[in-house]
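Subject: Structure for you to look at

Hello,

Here is the structure I promised to hand over. Please open it and keep it beside you as you read my notes below.

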Amino acid sequence: MTTPSSPPTKTDEAPPLQPVRLPWRWLVGSVGVLVAVVLVAMAVGPADLEPSAIAIQLLNYLPGVHLDGGLTELESAVLWELRAPRVVLAMLVGAMLAVAGAGYQGVFRNPLADPYLLGVAAGAGVGATLAIVSGTDHSLVPVAAFVGGVVGVAATYALGRGVGGRDTNTLILAGVAVAAFLTAVQTYVNQRNSDSLREVYGWILGRFLTAGWRDVVIVLPYIVLALIVLMAHRRLLDVLSVGQYEAGSLGVPAARVRVVVVLAATLGTAAAVAVSGLIGFVGIVVPHIVRMLAGSSYRIVLPLSAIIGAAFLVSADLVARTIVAPGELPVGVVTAFIGAPFFTLVLRTTRSR
Amino acid sequence: MKLSLTVAGLVLAPFLLIACGDDDPASSTAADTPSDSASYPVTVGSGKNAVEIESQPEKIVSLSPTATEMLFAIGAGDQVVAADQYSNYPKDAPTTDLDGFQPNVEAIINYEPDLVVASYDPSNLVGSLDKVGVPTMMLPAAVTLNDTYDQIEQLGAATGHVGDAAEVVSKMKTDIDSIVADVPDGPPVTYYHELDANLYSVKGSTFIGQLYEMAGMKSIADDAPDAAGDYPQLSPEYVVSSDPDLIFLADGGSNGGVTVDDVAGRPGWDQLTAVQKDHVIEVDPDIASRWGPRVVDYLQTLVDARAQLQSVG
């Protein structure tokens, strides 16, 4: 039917190496969703701040505007020192986890890869648990989690290299072994200190509870750096997706790309985990949703994952702090609770097309 | 009939106590008499927690810090051979590394107990001990003060200290009555009781919440829906915007827990009236989480805090 010499068919068959651009409609649409979600998250919360008062307060920041009916000093503190940093932190962590997940999936060419694959989560868990049970200053918990996460990944790398080669499967298996070992350590420590179980548990399930601007400032450099590095590799990830040897024949140093991407994703994830605990599902669900909806080129997946990951985590946190208000749910529960059905829905609708 | 008995008990209790307090030697003889004449076998507890004790136990293992406090308060401390790792009160309690949350039956049996007291049965502890002929008393976390009284009396009956137990209970009741009498009238003041840095709190319906209620205080966590549980985790912005009159920190303070300075340093919390007026109080997490005889001390702490609030204005 089609002749081998038909040029249009040929170009259609090799999409990954074509110059792919992020479609404008997706960019505008996702940014629109993010802005809307952020505005709602700022206006709604367990502290009953009048949206009109918030609006007046915002207008008052404009030069020359002095309206009555703004927020009291206490309400203003609630808005700017508690709610605003929390929303910003959820955006950063959501974007980071989603992009790190997409990066891991690209490097390992494994759709089940997530940001916690190589022992970051287990390492951070041990670090945080040790800090909590040893009763040090609470502000050291994020630091301990970060160090633990980095140590976990370093152990995975050392083990993966030790048992042979740079095969990605070896690395994943090493990650499984390290995670199992560290989880056992954590369980043992918990068992010996059952009085701090609730606090450890609260940390593991993820939260933006004590988030202030300080937390934002702590993670901002790591996350921004990691995001920039990952974004810069989006074209190389596309090349890598055709296979390591094929990529090599195209002049792409596959091994180096892999190390850089994994390092950046891990560093960013460790920083995110340090301030927010273990928030599951974002890193695996968001990139897949983007792929199903907009296309599988990493030049689309990475930027869109960042925006949608941010919007997803801001809305999950909004649910976490309002659904049993003034109580809180751990945000990790909400991400899975919303994420799993939504993922299934997207899966069904795209597969039946 | 029942009512009149209760009334008679309430009327008589203070007099009995005064008699004991005035004359120490007399009271100790009076207390010893019932313990000598305690009858075995005795069945304590009810329903699925009912257990028969054949003779006066001499080697008790306590897996519950609260039960340990109760046993020592009723004078049965000499009969306790081992207490769990968290039984840190009173000082002469025989604390061991036994774990009440994850009890190891063999480790318990090593102490050759003739009675085990526990508050929590995670892995069929009672059944396993029963197989080797060791009776176990289950004294779960009290829901009301009456549960506390009941558990003290059960321990009294089980250990042969019926009179001492009755004395402890009636002293607790009169102490509590006199403490509560000092609570000023008027609308309740609001409080926020922080269990840990994740902002877990307590509702008024909990055991400790009832103590706060007796001290004329209302928990800001009471507005949380039932779905959030009796110990809800609160949003920081809710805590700040509800601006409680008093804040109690039950996380261990300078022993590695949340301190007054930590709270003042949290973003936005410096706006709180309680922080600005120095009405943030670190409480002993052990006393605050147990339902033993020291609830009287805790109530006193609360009433003092409330009185201080009143005098400052």
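Start with strand S7 (residues 189-194) of chain B, which runs parallel to S9(B) and is joined to S9(B) by 4 bridges. One of these pairings is easy to find: His193(B) has Phe248(B) in S9(B) as its bridge partner. Keep in mind throughout that this is a predicted model.

S9(B) also pairs with strand S10 (residues 280-282) of chain B. That pairing is parallel too, and has 3 bridges. Here Ile247(B) has Val280(B) of S10(B) as its bridge partner.

Now look at the two faces of strand S9 (residues 246-249) of chain B. In a regular strand, side chains alternate between the two faces of the sheet. Which residues of S9(B) lie on each side? Leu246(B) and Phe248(B) are on one side, and Ile247(B) and Leu249(B) are on the other. All four are buried, and both faces are covered.

Next, go to Val260(B). This residue is in helix H10 (residues 260-265) of chain B. Is Val260(B) buried, partly exposed or exposed? Val260(B) counts as partly exposed because it has 17 C-beta neighbours inside 10 Å, while a buried residue needs 20 or more. Leaving out residues up to four places away in sequence, Val260(B) touches Val280(B) and Glu282(B). Val280(B) is the residue we met as the bridge partner of Ile247(B). You can also check Tyr192(B), which is 68 residues from Val260(B) along the chain. The C-alpha atoms of Val260(B) and Tyr192(B) are separated by 13 Å.

Step back to chain B as a whole. Its secondary structure comes to 13 helices and 10 strands. Chain B has 313 residues, and 44% of them count as buried. Take the contacts in chain B with a separation of 6 or more: 60% of them are between residues 24 or more positions apart.

Chain B is divided into domain 1 (2-177) and domain 2 (186-312). How many residues does each domain bring to the contact between them? Domain 1 of chain B brings 17 residues and domain 2 of chain B brings 11. On the domain 1 side, helix H3 (65-73), helix H6 (145-159) and helix H7 (162-181) of chain B each supply at least two residues. H3(B) gives the most, with 5 residues. By class, that side of domain 1 of chain B has 11 nonpolar, 4 polar and 2 charged residues.

H7(B) deserves its own look. This helix has 20 residues. From its first C-alpha to its last, H7(B) reaches 29 Å, close to the 28 Å expected at 1.5 Å a residue. Buried residues in H7(B) include Val162(B), Ala165(B), Val169(B) and Met172(B).

Then turn to the contact between the chains. Chain A gives 32 residues and chain B gives 31. On the chain A side, helix H4 (73-108) and helix H8 (197-204) of chain A each give two or more residues. The largest share, 9 residues, comes from H4(A). The chain A side has 12 nonpolar, 10 polar and 10 charged residues.

One last point, on confidence. Chain A has a mean pLDDT of 83, and 91% of its residues reach 70 or more. Where does pLDDT stay under 50 in chain A? That stretch is residues 1-16 of chain A, for which the model has 5 contacts beyond four places in sequence.

Best wishes

How values were computed. Residues numbered from 1 in each chain as written. Chains lettered and ligands numbered in written order. Predicted model: local features only at pLDDT ≥ 70, side-chain atom pairs only at ≥ 80, totals over all residues. Contact = placed C-beta atoms within 7 Å. Nonpolar A, V, L, I, M, F, W, Y, C, P; charged D, E, K, R; others polar. Domains from an automatic or database assignment. Expected span 1.5 Å × (residues − 1). Buried ≥ 20, exposed ≤ 12 C-beta atoms within 10 Å, placed from the backbone. pLDDT = per-residue confidence, 0-100. Pairing = 2+ DSSP bridges.
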